[in-house]
Amino acid sequence: MSAEPALTELTVPALSLVVLIGAHGAGKSTLAARHFAPEEVFAQADYPDVPSLLSAAGERLAAGRLAVLDGLFVRPVDRVPVTALARAHDVKPVPVVLDLPRAVLEARTAAPADVVAAQVAELRRTRRGLHAEGFRNEQVLFSDEQAGTLPLRRTPLRGDRRDLTGPFDVIGDVHGCLPELRDLLRDLGYDLSGGGARHPRGRTAVFVGDLVDRGPDSLGVLNLVMGMVAGGAALCVPGNHDEKLCRALAGKAVKAMHGLDVTLAQLEQAGPDVQAQVRTFIETLPTQLVLDGGALIVAHAGLPAHYHGRGGGRVRSFALYGDVNGQRDELGLPIRRDWAADYHGAALVVYGHTPHAAPRWKGHTVNVDTGCAFGGHLSALRYPERTTLSVPARAVYAPPPRPLPVPEGGSGL
């Protein structure tokens, strides 16, 4: 145990299911009282059974608030419903394990010594398998001193930038169309001198993803966007094309279709250092951005309200690919259900992924993918103004599989 890296603080996501794990007498309730408000803590001793305990904690998670479970949970079988609860609410299950010496526990608990010994043995036998069980951010405390002195820090979701209020220019799927991106940025008022782009009045560009493929210069788009993000002039979420490129750069087996072959050839010519830079950039992008106090959500394929500010595989999949179930149409394209038609959330959701002939407003959502690589336009939403600006494509870089649909109410361009 002494070989474990020393903790300097405890960290938990601001919205998560924190699970305090330890044998009788480990000090879980003391730790809970020190770091969490009473309404956040759900102690096993206060409920008649585990289902009622998890149900109460689930109600808090459903409301978008952190919940803490205070219980034994030393056996993997007892932890299965805990990770299931976290998955059901699209939050991380974060274990804080109190693995104190057995003699300390036996000295201060009324539980029989053989019971404590069995709990300690089971905890130590299975603790290193927590990640395989689905837990994340495991943190282990080995003494009362650690439990009583380490501070706790709540960390926001990676894309939670509620502190940023704009103004923003949310830019649709670029797909390697560097000339059009430069045209659009100029029309939006950005200064492109020196090879980068920055707005003289402090506006921030926000890219909805799919920076690459289909268009003529994916590497040029990546270089421009990565420079803007690094310089604080832009934010970005990944699209499904970006994610596929990242998997290819990681050596995963992918089909080099829809322009990915050209993108990979450009990166191959650029060399391994650039490839590593691009891979790191994409891997570290948040799959959603929560902006302006939660009033603005940006995700590549959109995001229903119950996924806002949450993480996990289901949220990531929806943000990248939309509302799909694996079915394909007569052209072999994924069938995407129109999630925006049923969206009634308070936040404005700006997205791309499914190209239209013009920005498509639907309720409190707007799709800014206007098919630039297909010969359409490259578009941006100005926020908070809620106006759109588009520039025409300079060429048809890739034939569209079908004509771009015209949004209800006309083209708007």
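**Exercise 1. Which residue follows helix H2, and what is the sign of its phi?**

Solution. Glycine 64 follows H2, and its phi is positive, near 80 degrees. Helices (H or I, at least four residues) and strands (E, at least two) are DSSP runs, numbered from the N terminus. This is a predicted model, where local features need pLDDT of at least 70, side-chain atom pairs count only at pLDDT 80 or more, and totals for chains, interfaces and linings use all residues. Residues are numbered from 1 along each chain as its sequence is written, and side-chain values use heavy atoms, with hydrogens and water left out.

**Exercise 2. Compare the expected span of H2 with its end-to-end distance, then find what covers its buried residues.**

Solution.
- Step 1. Expected span is 1.5 Å times one less than the number of residues. H2 (residues 50-62) has 13 residues, so it should span 18 Å. Its end C-alpha atoms are 18 Å apart, which agrees.
- Step 2. List the buried residues (under 20% relative accessible area; exposed is over 50%, partly exposed in between; 1.4 Å probe, protein chains only). They are Leu53, Leu54, Ala56, Ala57, Gly58, Arg60 and Leu61.
- Step 3. Look for contacts (heavy atoms within 4.5 Å). The cover includes strands E2 (16-22), E3 (41-43) and E4 (67-70), and helix H3 (76-88).

**Exercise 3. Is arginine 79 buried or exposed, and what does it touch?**

Solution.
- Step 1. Locate arginine 79: it lies in helix H3.
- Step 2. Its relative accessibility is 1%, so arginine 79 counts as buried.
- Step 3. Leave out residues up to four places away in sequence. Arginine 79 then touches Ile21, Phe73, Val74, Thr126, Leu130, Glu133 and Phe135.

**Exercise 4. Place strand E14 among its partners.**

Solution.
- Step 1. Strands pair if DSSP finds at least two bridges between them. Three bridges join E13 (residues 296-298) to E14, and the two run parallel. Leucine 296 has leucine 348 as its bridge partner.
- Step 2. Three bridges also join E14 to E16 (residues 365-367), again parallel. Tyrosine 351 stands opposite asparagine 367.
- Step 3. Check the side chains of E14 (residues 348-351). Leu348 and Val350 point one way, Val349 and Tyr351 the other, and all are buried.

**Exercise 5. What is the strand order of the open five-stranded sheet, and which strands are its edges?**

Solution.
- Step 1. The order is E11-E10-E9-E17-E18, with mixed pairing.
- Step 2. The edges are E11 (234-236) and E18 (387-392), since each pairs on one side only.
- Step 3. Take one pair in detail. Six bridges join E17 (residues 377-383) to E18, which run antiparallel. Alanine 380 stands opposite leucine 389.

**Exercise 6. Which parts does the salt bridge of aspartate 99 and arginine 124 tie together?**

Solution.
- Step 1. Apply the salt-bridge rule: a side-chain nitrogen of Lys or Arg within 4 Å of a carboxyl oxygen of Asp or Glu. The closest N and O atoms of aspartate 99 and arginine 124 are 2.8 Å apart.
- Step 2. Aspartate 99 lies in the loop between strand E5 (92-98) and helix H4 (102-108), and arginine 124 in helix H5 (residues 113-126), so the pair ties together parts 25 residues apart in sequence.
- Step 3. Check exposure. Aspartate 99 is buried at 2% relative accessible area. Arginine 124 is partly exposed at 35%.
- Step 4. Widen the view. Asp99, Arg124, Arg127 and Glu138 are linked in a network of salt bridges. The rule gives a count of 24 salt bridges.
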